[in-house]
Amino acid sequence: MKYLELKNTVEKLLDFMERYNLDDYNERLVKRNLNELIYVIDTDEIDLKKEKEINNILYSLFPPRGGLTEMYVADEDREKMNKINDELGELKKKLANYELI
């Protein structure tokens, strides 16, 4: 069940990135890692090796600089920008706090 929740969060984040046209170099790297995460989750059997791979991908999404760590949406309308970034922040928080156990 945890894997289904993780996959749903990743799919929501990918949808968010498409909706707000996040497509610079950093975002493309994040999308690649998110798609890789879905691929790993969708394999038939999750074993300890796959769990380690999932954790490694999640870790790689939050480097000290770049990745999801510094991803945000800019908009001239400050209120709209804050609302959008709050939504993004919730998705990022779910991934950052994800535990396989």
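A salt bridge is a side-chain nitrogen of Lys or Arg within 4 Å of a carboxyl oxygen of Asp or Glu. In this predicted model, the count by that rule comes to eight salt bridges. One of them joins Lys31 to Glu18, with the closest N and O atoms 3.1 Å apart. This pair links distant parts of the chain, since Lys31 belongs to helix H2 and Glu18 to helix H1, 13 residues apart. The two partners are not equally accessible: Lys31 counts as buried at 12% relative accessibility, whereas Glu18 counts as exposed at 55%.

A salt bridge is also formed by the side chains of Arg19 and Glu87, with an N to O distance of 3.1 Å. Here, too, distant parts of the chain are linked, Arg19 lying in helix H1 and Glu87 in helix H4, 68 residues apart. Arg19 is partly exposed, at 43% relative accessibility, and Glu87 is partly exposed as well, with a relative accessible area of 31%. Both residues belong to a network of salt bridges that includes Asp15.

Within helix H4, the side chains of Lys93 and Glu90 meet in a salt bridge of 3.5 Å, N to O. Lys93 and Glu90 are three residues apart in this helix, so about one helical turn separates them. Lys93 counts as partly exposed at 45% relative accessibility, and Glu90 is partly exposed with a relative accessible area of 42%.

Helix H4 itself comprises the 19 residues 78-96. At 1.5 Å a residue these should span 27 Å, and the end C-alpha atoms are 26 Å apart, which agrees. The buried residues of H4 are Met81, Ile84, Asn85, Leu88, Leu91, Lys92 and Leu95. They cover an arc of only 115 degrees around the axis, which means that they lie on the same side of H4. On the other side of H4, Glu79, Lys83 and Asp86 are exposed. The buried residues of H4 pack against three helices, namely H1 (2-19), H2 (25-41) and H3 (48-60). At the start of H4, a side-chain oxygen of Asp77 comes to within 3.1 Å of the backbone nitrogen of Glu79.

Asn85, one of the buried residues of H4, also takes part in a contact with the backbone. A polar atom of the Asn85 side chain lies 2.7 Å from the backbone nitrogen of Val73. When residues up to four places away in sequence are not counted, Asn85 touches Tyr72 and Val73.

Helix H2 has 17 residues and reaches 25 Å from its first C-alpha to its last. This is close to the 24 Å expected at 1.5 Å a residue. The buried residues in H2 are Glu27, Val30, Lys31, Asn33, Leu34, Leu37, Ile38, Val40 and Ile41. Lys31, which bridges to Glu18, is thus listed among them. The buried residues of H2 pack against H1, H3 and H4. At the N-terminal end, H2 is capped by Asp24, a side-chain oxygen of which lies 3.0 Å from the backbone nitrogen of Asn26.

The loop between H1 and H2 contains Asn21. Most residues other than glycine have a negative phi. Asn21 has a positive phi of about 50 degrees although it is not a glycine. With 62% relative accessibility, Asn21 counts as exposed.

Aromatic rings were examined last. A pair of such rings is described by the distance of the centres and the angle of the planes. The count comes to one aromatic pair. The pair consists of Phe16 and Tyr20, whose ring centres are 4.7 Å apart and whose planes stand at 50 degrees, so the pair is tilted. Planes under 30 degrees apart would count as stacked and those over 60 as edge-to-face. Phe16 is buried, with a relative accessible area of 0%, while Tyr20 counts as partly exposed at 26% relative accessibility.

Notes:
Residues are numbered from 1 along each chain as its sequence is written. This is a predicted model: local features need pLDDT of at least 70, side-chain atom pairs count only at pLDDT 80 or more; totals for chains, interfaces and linings use all residues. Side-chain values use heavy atoms; hydrogens and water are left out. Helices (H or I, at least four residues) and strands (E, at least two) are DSSP runs, numbered from the N terminus. The expected span of a helix is 1.5 Å times one less than its number of residues. Buried means under 20% relative accessible area, exposed over 50%, partly exposed in between (1.4 Å probe, protein chains only). The arc is that of the directions from the helix axis to the C-beta atoms. Contact means heavy atoms within 4.5 Å. A polar contact is a pair of N or O atoms within 3.5 Å; within protein, one must be able to donate a hydrogen and the other to accept it, and residues adjacent in sequence count only if both atoms are side-chain atoms. Rings of Phe, Tyr and Trp (its six-membered ring) pair if their centres lie within 6.5 Å; planes under 30 degrees apart count as stacked, over 60 as edge-to-face and the rest as tilted.
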